[in-house]
Amino acid sequence: MSDDETLGIHIEISSNCNSRCLDCGRFVKGTDTINPYVEIGSKGNISISAIENIFDENISSVARYVNFTGTYGDFTLHPDALDIMQTISENISQHENKRTANSLSKKLTLLAETNGGARDDKWWHTFGDYILKYFDKSSLIIFALDGTDNETHQLYRRGIDFDTVLRHAKIIID
């Protein structure tokens with residue numbers, strides 16, 4: 001596999017979210033009514049068995065990265081987000097020889113998009129530890145900051161405190 005044949009897996013592990021962003025597909029346009037086509041609550045969370053099925057030998061031996069996308073939800077709202085990270089890593093490590101033969105690093109790169117407003121500081125410290133333990137050093141966490149202060153941020157990321165996002169980002173940076 002050459003460098004231009006990168007395989008990345010994009011997964012929305014949860015369609016649950018703690019924000020009410022303008023124009024979000026989770027809502028009926030222009031309202032705070034949940035889109036009836038978006039599953040929320042426990043139905044909005046992917047199962048660990050589904051993760052195991054996705055990261056089978058074929059995928060685990062060729063994937064360069066996994067992206068926890070945030071189209072409808074925030075990955076941090078999945079109650080088993082950390083267990084999912086560990087499961088992915090364990091599945092990848094079972095195919096270390098094939099990854100090496102395919103000129104891939106032993107660990108996947110984790111990309112994750114978040115509004116950064118959920119969970120407490122302890123969770124974010126644990127999350128940072130999991131990245132270091134289970135994923136490649138090229139991993140990237142994208143925190144959504146809309147504005148330069150909480151007043152502006154609230155116009156777009158309604159319900160998410162600007163300073164909380166900055167604090168959580170700093171935990172990951174440190």
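Modeller: Before we read any loop by its flanking elements, note that helices (H or I, at least four residues) and strands (E, at least two) are DSSP runs, numbered from the N terminus. Please also keep in mind that this is a predicted model.

Biologist: With that naming in hand, where is the place of Arg119, and what is its phi, given that it is not a glycine?

Modeller: Arg119 sits in the loop that runs between β3 and α5, and its phi is positive, at about 70°, although the residue is not a glycine. Its relative accessible area is 32%, and Arg119 is therefore partly exposed. Ser103 is another non-glycine residue with a positive phi, here of about 60°, and its place is in the loop between α4 (96-101) and β3. Because its relative accessibility is 57%, Ser103 counts as exposed.

Biologist: Turning to helices, how many residues has α7, and what does it reach from its first C-alpha to its last?

Modeller: Helix α7, residues 162-173, has 12 residues and reaches 17 Å between its first and last C-alpha atoms, which is close to the 16 Å expected at 1.5 Å a residue. The same reading for α3 (81-93) gives agreement as well, because its 13 residues should span 18 Å at 1.5 Å a residue and its end C-alpha atoms are 19 Å apart.

Biologist: Which residues are buried in α7, and what covers them?

Modeller: The general idea is that an α-helix has 3.6 residues a turn, so residues three or four places apart point the same way. In α7 the buried residues are Phe162, Thr164, Val165, His168, Ala169 and Ile171, and their cover includes α5 (121-134), β4 (140-143) and α6 (150-156). At the N-terminal end of α7 the cap is provided by Asp161, with a side-chain oxygen 3.3 Å from the backbone nitrogen of Asp163.

Biologist: Ile160 has its place in the loop between α6 and α7; which residues does Ile160 touch, not counting residues up to four places away in sequence?

Modeller: On that count Ile160 touches Asn18, Ser19, Asn115, Gly117, Asn150, His153, Gln154 and Val165. One of these partners, Ser19, is 141 residues apart from Ile160 along the chain, yet their C-alpha atoms are separated by 6.1 Å. Ile160 is buried because its relative accessible area is 1%, under the 20% that serves as the limit.

Biologist: How should I read the packing of two helices, and what is the angle between α3 and α5?

Modeller: Two packed helices are described by the angle between their axes and the distance between the axes. Here α3 and α5 pack at about 5°, with their axes 11 Å apart, and the two helices are therefore roughly parallel to each other. The α3 side of this contact consists of Ala81, Leu82, Met85, Gln86 and Ser89, and the α5 side consists of Trp123, Thr126, Phe127, Tyr130, Ile131 and Tyr134.

Biologist: Which residues touch the most other members in the largest nonpolar core?

Modeller: That core has 32 residues, and Val66, Phe68, Ile88 and Phe127 are those that touch the most other members. At least two residues of this core come from each of β1 (7-11), β2 (63-68), α3, β3 (109-114), α5, β4 and α7. Ile88, leaving out residues up to four places away in sequence, touches Ile51, Phe55, Val66, Phe68, Leu108 and Phe135.

Biologist: Phe55 appears among those partners; where does Phe55 lie, and is it buried or exposed?

Modeller: Phe55 lies in the loop between α1 and α2, and it is buried because its relative accessible area is 1%. Beyond its neighbours within four places in sequence, its contacts include Ile9, Ile11, Val66, Ile88 and Asn91.

Biologist: What does the side chain of Asn91 reach?

Modeller: The side chain of Asn91 reaches the backbone oxygen of Phe55 at 3.0 Å. Asn91 lies in helix α3 and counts as buried because its relative accessibility is 11%. Again leaving aside neighbours within four places in sequence, Asn91 is in contact with Ile51, Glu52, Phe55 and Ser60. The other buried residues of α3 include Leu82, Ile84, Met85 and Ile88, and what covers the buried residues of this helix includes α1 (48-54), α2 (57-60), β2, α4, β3 and α5.

Notes. Residues numbered from 1 in each chain as written. Predicted model: local features only at pLDDT ≥ 70, side-chain atom pairs only at ≥ 80, totals over all residues. Heavy atoms only, no water. Expected span 1.5 Å × (residues − 1). Buried < 20%, exposed > 50% of the residue type's maximum accessible area, 1.4 Å probe, protein only. Contact = heavy atoms within 4.5 Å. Polar contact = N/O pair within 3.5 Å; in protein donor to acceptor, adjacent residues only side chain to side chain. Core = buried A, V, L, I, M, F, W, Y, C linked by side-chain atoms within 4.5 Å. Axes fitted to C-alpha atoms, helices over the stretch in contact; angles between N-to-C directions. Parallel < 35°, antiparallel > 145°, perpendicular 65-115°, else oblique.
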